[in-house]
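Here is a structure to look at together, through a few "how do you know" questions. Each answer sets a value beside the rule it is judged by.

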Amino acid sequence: MTSNKMFNILVPLISVFIGLFAGAIIMLIFGYNPIDGYVALWQGAFGDLYFIGETVRQVTPLLLTGLAVAFAFRAGLFNIGAEGQVIVGWLAAVWIGISMDAPIYIHLPIAIIAAALAGALWGFIPGLLKASLGVHEVIVTIMLNYVALYSSNAIVRSVLSDNEDKTENVAASASLASEWLQGLTYFSRIHYGILIALLIAILMWFIIERTTIGYELKSVGFNQHASKYAGMSVKRNIILAMVISGAFAGLAGSMEGLGTFQHITVQNGFTNLGFDGIAVALLGANTAIGVVLAAFLFGALKVGALNMPTEAGVPTELVDIIIALIIFSIASSYIIRLLILRFKKEGK
Amino acid sequence: MGFVELLQSIIPPALFFSAPLIFTALGGVFSERSGVVNIGLEGLMVMGAFVGIVFNLTFADVFGVWTPWISIIIATIISAIFSIIHAVASVSFRANQVVSGVAINFLALGLGVFLTKQWFGKGQTDMVSQPFYTTDIPILANIPIIGPILFQNIYVSSYLAIILAFVAWFILYKTPFGLRLRAVGEHPMAADTNGINVSKMRYIAVIVSGAMGGLGGSVFALTIALNFSHATIVGQGFMALAAVIFGKWHPLGAMGAALFFGFAQSLSVIGGGIPLLADVPQVFLLIAPYVLTILALAGFIGRAEAPRANGEPYIKGSR
């Protein structure tokens, strides 16, 4: 019998294959050698320790935004606002990082927690509006993305700096940077954040699979009316799911602020971490372990893509096309399931 | 500054910023009225902007002053074809429509910038030489007071957008086709029972949204941005989506919401010149449209009645 579990593994695998295959065809159409292209991609992601370090650095925030979107999805909510939550988290972390003076074991945790709280607040607003007034979370989170973007730019310009485009670097006591890890990887920008991200993945697994809260969240996600009838507070669970989701995305912002960049700049546009998180969550089938694997795949694709123009002449955007096609394939999993079933029948 | 001069400095730019949003939002209304959520409006606008700019740059010598008009027609057609991907995924393959829309956004931007690099050797195109220009509308421009406010130095595309909103309203609410389209979005099974082809209606609606999104994107590109890069369309599609919901899924409502957004955007651009707003930090003017949308959704318009089958794939025989 073809179990659901098998589909949950097969569908993402087939989707990734479809994406990469289509990428190869596009390269052929435009006169590139797909093998050269993918070798350049692989080299750019794992070619030497520097690239591996950069890949891990890219994976870190993607993992967290992926978990954020996946967590909300489990409760039946679509958090398209991870983008804005990343920005406010990034801002809050840097703000604490440059304005406080304390030993590292106090300063760093406070900066990280501030980021989570800022993200949580940015998730609370759509959660509250959805729970109490039935306003669709998709539209509110989209709007809040812009509010986050413009407000944070204004704060960077006029509060955290003297009308400049970036803040000073965070204090060493609030930094996630690791000389040890950097030395190991020919001075890539890898930092300790990956440990936090993996820890959060375990935490999410634990909350969803092992606690009453997680059970209620999933239950609300499956069927609100049944959950209500069973005595659960649907409203409380919706708000809680968005708050936790926002906190995860806020943490992703702190990875950028305290780890990769050490400061925050005026952003001309979105970081895209939140939107990529949607893709990561979908590919990871909204489970913690799936998101970890998907984040590594997307992180490797994104970092490896940077090597493609120089080595194979292929524009980096090819990877965005591949990612889009992977999402399409996963969204259309119904048709993939149908094909697998038909294929199995004929095989017998 | 007198009141008339004030209006004269606010209304033309408001109309100018609204037009792309109105086009795109009308497309969104069609799609969502048929029961297909279209979060991919942003991607459809990107596609429209890309095609509009590339066509304009390529054929400016051939078509001369007609180039922008032919550009937006081509952009409309190509985007309509592009939107078929969303239709196939969300109607035939029963994909989660929000997810498919997200993929449309990724795909349009990836393809647009990929092809731009392919054809122009860099991440952004040159400026077009044949954009839309402002004109005075003959006769009407000479009406005292109203003429200078509404009919001088405006883009014809703004009026085209407003006229199209009324056309869309007529089609959706006064024709059998519109009735069928709405029926499919409200209760697909009942519609199916009455012999309406649910899939066909939804395909048509999504393709219309693609065409309108492409029109909106190309008008934006040829009046405001004037070139194409990854940063040409940044959120206008999402604004249009907000206008759809703000306008309660009604063509005229969506137009009103889009006009409001255009007005808010023009305020943030020209705010410095208006005495009352000169002292307000620009950030408040920038975030105003978004905050107001949230407030409006939370308070003023109450529970908006979305098409009842919006977002649900229709599976024959299920209930």
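Q: What makes helix 6 of chain A oblique to helix 10 of chain B?
A: In this predicted model, helix 6 (residues 137-158) of chain A and helix 10 (residues 236-246) of chain B pack at an angle of about 135°, with their axes 10 Å apart. Roughly perpendicular pairs have angles of 65 to 115 degrees, and roughly antiparallel ones have angles over 145. An angle of about 135° fits neither range, so this pair counts as oblique.

Q: Which residues make that contact, and how do you know what class they belong to?
A: From helix 6 of chain A come A:I139, A:I142, A:M143 and A:Y146, and from helix 10 of chain B come B:F238, B:L241, B:A242 and B:I245. Ile, Met, Tyr, Phe, Leu and Ala are among the residues that count as nonpolar, so the tally for this contact is 8 nonpolar, no polar and no charged residues. The crossing of the two helices is left-handed.

Q: Why is the pair of helix 2 of chain B and helix 10 of chain B called oblique?
A: Helix 2 (residues 41-63) of chain B packs on helix 10 of chain B at an angle of about 130°, and the axes are 7 Å apart. That angle lies between the perpendicular limit of 115 and the antiparallel limit of 145, which makes the pair oblique. This crossing is right-handed.

Q: Where do helix 2 and helix 10 of chain B meet, and what makes one residue of the contact charged?
A: B:L41, B:E42 and B:M45 in helix 2 meet B:Q236, B:G237, B:F238, B:A240 and B:L241 in helix 10. Glu counts as charged, so B:E42 is the 1 charged residue, beside 5 nonpolar and 2 polar ones.

Q: How do you know that A:E317 and B:K117 form a salt bridge?
A: The closest N and O atoms of A:E317 and B:K117 are 2.9 Å apart. The rule asks for a Lys or Arg nitrogen within 4 Å of an Asp or Glu carboxyl oxygen, so the pair qualifies. The count between chain A and chain B is 1 salt bridge.

Q: How many residues are in contact between the two chains, and what area is buried there?
A: In chain A, 40 residues are in contact with 39 residues of chain B. The buried area is about 3,600 Å², and carbon and sulfur atoms give 83% of it. A:M143, A:Y146 and A:F328 supply 18% of the area that chain A buries against chain B, more than any other three residues.

Terms used
Residues are numbered from 1 along each chain as its sequence is written. Chains are lettered from A and ligands numbered from 1 in the order in which they are written. This is a predicted model: local features need pLDDT of at least 70, side-chain atom pairs count only at pLDDT 80 or more; totals for chains, interfaces and linings use all residues. Side-chain values use heavy atoms; hydrogens and water are left out. Axes are lines fitted to C-alpha atoms, for helices over the stretch in contact, and angles run from 0 to 180 degrees between N-to-C directions. Helices (H or I, at least four residues) and strands (E, at least two) are DSSP runs, numbered from the N terminus. Angles under 35 degrees count as roughly parallel, over 145 as roughly antiparallel, 65 to 115 as roughly perpendicular and the rest as oblique. A crossing is left-handed if the near helix is turned anticlockwise from the far one by less than a right angle, and right-handed if clockwise. Contact means heavy atoms within 4.5 Å. Buried area is the accessible area (1.4 Å probe) that two parts lose on being put together, summed over both. A salt bridge is a side-chain nitrogen of Lys or Arg within 4 Å of a carboxyl oxygen of Asp or Glu.
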